[in-house]
Structure formats: structure tokens, C-alpha cells
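Welcome! Please take a moment to look over the sequence and the 3D view before reading on.

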Amino acid sequence: MRNLIRTTDFDRETAERVLDLAGRVKERTKRREMSTVLAGYSAAMIFQKPSLRTRVTFDVGMKQLGGHSIYLGPSEISMGVRESVSDIAHNLERWVDIIIARVFAQSHVEELARVAKPPVINALSDEEHPCQVYADFLTLKEKGLKWSEIKLAYLGDGNNVCVSLMLLGAILGIEMRVGGPKKYWPAPSYVEEFEKLAKNSGARLHLTEDPREAVRTANAVYTDIWASMGWENEAAERSGIFRPYQVNSALMAEAEKNAFVMHDLPAHRGEEITDDVMDGATSIVFDQAENRLHVQKAIILECLGFSTEV
């Protein structure tokens, strides 16, 4: 059994195995031939933040694999306030087989993983969002792109999604561009980590404050909300700062013809992305959302040691 706490917890061999498994799981799901390999298994889903995609896809995913999940929202569990993270971990390990945590602080999910005996999956933290980017790369793979062919431009805040895209991209060997104000670029430690991983994969990273430079010749353009959960108090200020990085038809004209448009959702339409682009023919936004279900099933199977049984 293993944890997925940081995007780099899976090496390239494991990452590709998970993505291949997700594809097989998806095919079986479409044929209504879901495996019940997790019959008798239970997952605790700790959610400090509201969610649509993460909650539904993990819940449905466990059920499709024959297992069961229990949702633990802020009213049921308050890590570090009502009860210590360590005590929560020790309780849950007596009842469930896997822990899925969507938290504010990366330190909380790391402590859960350090203390609890069952595997722990980071379903989102302030630092990384590994489950989302596995769905993103599964989607690009389905569109026929090989890793070495991907030129992915990310526009906006260098947040948890941007960081995880960088790190998985570095593992797989893509070309990654990040366009945004320098103040909001990913932390230097993540850039250093990218460069270390790139020595083995051949990945490339380019940071720029010029949005057009970022998207020029890109075959996938990705954006996210400008003020993630926890930064809502900066929403008005950030709206002005990030306005030049809006993904609109004029900016997309700089990208490769028929470049894919990506967003992890929820989207603030009219802010980081315009309706015509998000609803356009090359948008794969809802394909990404669909693939959260299948890739997370593959991650659960990998963490529980069932990746070769489905």
C-alpha cells in the first residue's frame, strides 16, 4: 500500500501505470462491467472545503468498485480544533481502509499519512492537487498526445493546480509554460524540483510575465480561478492584476490551431476564461471533470495494492 500526498509520490513508472489503469477502468465503466474488487472496503472522506467534483467522483468511484465511503465534513470533523489530527488518524485507521482528505493545509494531510496505517490520498491542499492533474493528463492522452508532444501553457496564479501540473509534467517529460505576474509564479522550490525531475524525463519549463509568449504554439492552454479557496479576500485585487491573462479568443489565436482549452473548475466565466472559449469546439474542460472519476478509481486501486487486479 502507498500514499499519494504529493504529486511526486508516484514515479514515472507508477504514474504511467495509474494512467493506463484509469483508461481500462473507464472502458469497463462505460460497458457497465465495473469490478467489485473493493467489496467490503471503506473510505473516509475528510472534507474541510466545499466540493462538487471531488466529493461526487470519489464517492461514486468507491461505489463503482464495490466499496463504501463516508463523508466527514466540517460539522463532523474539525482537524486540529475539536480533535488533533493524530487522534483522528488513529480513530479512522480502526474503521476504514483508506483516507481521502481535502484540506486547507498540506501539513494536515501529511500528518494523516504519517500517523494512520491505511493509505492517504491528497484530494486537494493549499500546496498541491495531484488527483486533478492525473485527470488532466489522462484527458490529453485520450486526445492522442504523447508526453513529449505536449506543450502546455498555464495562465494565471501559480497555485496548487499549477504546481501539480508542473511536477507531473516534469515526471512525464512535457514542455510546460507558466504565464503570470512574477509575484504569483510558483515558489522557487517547485521550479528546482521540476529541473531535477527534468534531467531524467527531458521536460522543459518556461516562466514568463507575457501571456502571449506563454501560449505561443502551445497545443493545450490551461487556466484556473485567480483567487483560490482561502484567498477570497484578495479576489478584487487579483481581478485587476490577472486581467491580462484571461483566456479569450484573442489569446487563443496565439496558440497552435485547435489547441485544447483546459480548466479544473469551478470556472468564473468572464474572468479567467470567456464563455466562447470555454464552450468552444476545442474545450476539453468537461472531459477533465469526467476523468476525475476514473483516474481517482485508479489511484485508489494503486494505493490499496489492487492495480494489477482490474
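Over how many bridges do strand β5 and strand β8 pair? Keep that in mind as we look around; please remember too that this is a predicted model.

## The sheet with five strands

Here is the reply: β5, covering residues 151-155, and β8, covering residues 220-223, are joined over four bridges in the parallel sense. To find one spot along this pairing, look for L152, which stands opposite A220 in β8.

These two strands belong to an open sheet of five strands, and its order is β7-β6-β5-β8-β9, with parallel pairing. At the edges you will find β7 (204-208) and β9 (260-263); each has a single partner strand, so one side of each is left without a neighbour in the sheet. On average, neighbouring strands here are turned by 20 degrees against each other, direction ignored.

## Helices against this sheet

Which strands does helix α7 lie across? Helix α7, made of residues 188-201, lies across β6 (175-179) and β7, and runs at about 155 degrees to β7.

Now turn to helix α12, residues 285-304. Helix α12 packs on the sheet and touches β8 and β9, while its direction makes about 50 degrees with that of β9.

## The sheet with four strands

There is also an open sheet built from four strands, in the order β2-β1-β3-β4, and its pairing is parallel. Why is one side of β2 and of β4 left without a neighbour in the sheet? Both β2 (68-72) and β4 (120-124) stand at the edges with a single partner strand each, so one side of each has no neighbour there. In this sheet, neighbouring strands are turned by 20 degrees against each other on average, direction ignored.

Let us follow one pairing in detail. Strand β3, residues 98-102, pairs with β4 in the parallel sense over four bridges. Within it, I99 has V120 in β4 as its bridge partner.

## A helix and a surface patch

Helix α2 (residues 53-64) lies across β1 (42-47), β2, β3 and β4, and runs at about 175 degrees to β1.

Finally, have a look at the surface. L52, V56 and V60 make a nonpolar surface patch of about 240 Å². L52 sits in the loop between β1 and α2. Is L52 buried or exposed? With a relative accessible area of 54%, L52 lies over the 50% cut-off, and therefore counts as exposed.

Conventions:
Residues numbered from 1 in each chain as written. Predicted model: local features only at pLDDT ≥ 70, side-chain atom pairs only at ≥ 80, totals over all residues. Heavy atoms only, no water. Pairing = 2+ DSSP bridges. Axes fitted to C-alpha atoms, helices over the stretch in contact; angles between N-to-C directions. Contact = heavy atoms within 4.5 Å. Patch = residues over 30% accessible without salt bridge, like charges linked within 9 Å, V, L, I, M, F, W, Y side chains within 5 Å. Areas by Shrake-Rupley, 256 points an atom, 1.4 Å probe, with all protein chains shown as cover. Salt bridge = Lys/Arg side-chain N within 4 Å of Asp/Glu carboxyl O. Buried < 20%, exposed > 50% of the residue type's maximum accessible area, 1.4 Å probe, protein only.
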